[in-house]
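Hi there,

Here is the structure I promised to pass on. Have a look at it first, and my notes on what turned up follow below.

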Amino acid sequence: MFITELDVVNACLKTMGETKLNTLEDDHPYKDDARDLVSRVLRDTSSLSLWFNTEWLKLLPQATSKYIMVPTDVLKVDPMPQCGSRRVAQRGRRLYDISGNKYEFDGPVTVKVARLLEFDDCPYEVQMFVRDDAVLRFQSDFDGDNTKYQKILQQRNDSWINLRSEHIRQLKANPLYARASVDVLRGRFHNYSGHPWHSHTTFPG
């Protein structure tokens, strides 16, 4: 059974002893904050270019400007196109030719991208991590009880280990993902504003 955004919001509210919502249309003073955290964690997780949202895209230049516009649901573009003949980068919503120092392209470029999927379209392992990390951030921001924080932190870390294991398993099972770095999931963390008693570890940097 998959996790819904409503499940995540209710899990956040539960940390404060609040009554759960029946639908996302119900009014609650913390609902928008919880939903914002779900969106933020999903975006952060998706930007890691994991197995579930990494794919190759053939992007075509516009006829008049010769610009290649990056789709709005793309969070990251691999700096090396598939042909390997030149380096490209995403700058704003346009693709930039680093080798030629220009935005104009004479032909299509195939690049590896990380897409931002809807929460409902993500695999269960991703949904579970997004839920637990969002709950941890919510509890840190609005409750602050240290004992409760440590318990939620452990659950979040278990979900991260599960997500990392599934990513590595998928890499081994499907050569398409071979260049999606496993190192991105190994031991390089940065912090966000957690409580002073515990610097909340989140995503690899």
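The secondary structure of the protein chain comes to four helices and seven strands. Starting at the N terminus, the order is α-α-β-β-β-β-β-α-α-β-β. Please keep in mind that this is a predicted model. The chain has 205 residues, and 43% of them are buried. As for how the chain folds back on itself, take the contacts with a separation of 6 or more: residues 24 or more positions apart account for 64% of these.

On to the interior. The largest nonpolar core has 32 residues, and F119, V126, V130 and L163 are those with the most contacts inside it. Which elements give two or more residues to this core? They are α1 (5-14), α2 (31-46), α3 (124-142) and α4 (146-173). The largest share comes from α3, with eight residues.

L163 is a good place to start if you want to click through the neighbours. Setting aside residues within four places in sequence, L163 is in contact with T45, L50, W51, E125, V126 and F129. Apart from the largest core lies another one, of 12 residues, with L59, L95, V111 and V113 among them.

Next, a helix pair that I looked at in some detail. Two packed helices are described by the angle between their axes and the distance between the axes. For α1 and α3, the axes come within 9 Å and cross at roughly 35 degrees. The crossing in which α1 passes α3 is right-handed. On the α1 side the contact is made by V8, A11, C12 and L13, and on the α3 side by R131, A134, V135 and F138. Sorted by class, this contact has seven nonpolar residues, one charged residue and no polar ones.

Finally, the cysteines. C12, which takes part in the contact between α1 and α3, has a relative accessible area of 0% and so is buried. C122 also counts as buried, because its relative accessibility is 2% and the cut-off for buried is under 20%. How many disulfides are there? The count comes to zero, with a pair of cysteine sulfur atoms within 2.5 Å as the criterion.

If you open the model with one view in mind, I would suggest α1 against α3, where V8, A11, C12 and L13 meet R131, A134, V135 and F138.

Happy browsing, and do write back with any questions.

Best wishes

Definitions and conventions. Residues are numbered from 1 along each chain as its sequence is written. This is a predicted model: local features need pLDDT of at least 70, side-chain atom pairs count only at pLDDT 80 or more; totals for chains, interfaces and linings use all residues. Side-chain values use heavy atoms; hydrogens and water are left out. A nonpolar core is a set of buried Ala, Val, Leu, Ile, Met, Phe, Trp, Tyr and Cys residues joined through side-chain atoms within 4.5 Å. Buried means under 20% relative accessible area, exposed over 50%, partly exposed in between (1.4 Å probe, protein chains only). Contact means heavy atoms within 4.5 Å. Axes are lines fitted to C-alpha atoms, for helices over the stretch in contact, and angles run from 0 to 180 degrees between N-to-C directions. A crossing is left-handed if the near helix is turned anticlockwise from the far one by less than a right angle, and right-handed if clockwise. Ala, Val, Leu, Ile, Met, Phe, Trp, Tyr, Cys and Pro count as nonpolar, Asp, Glu, Lys and Arg as charged, and the others, Gly among them, as polar.
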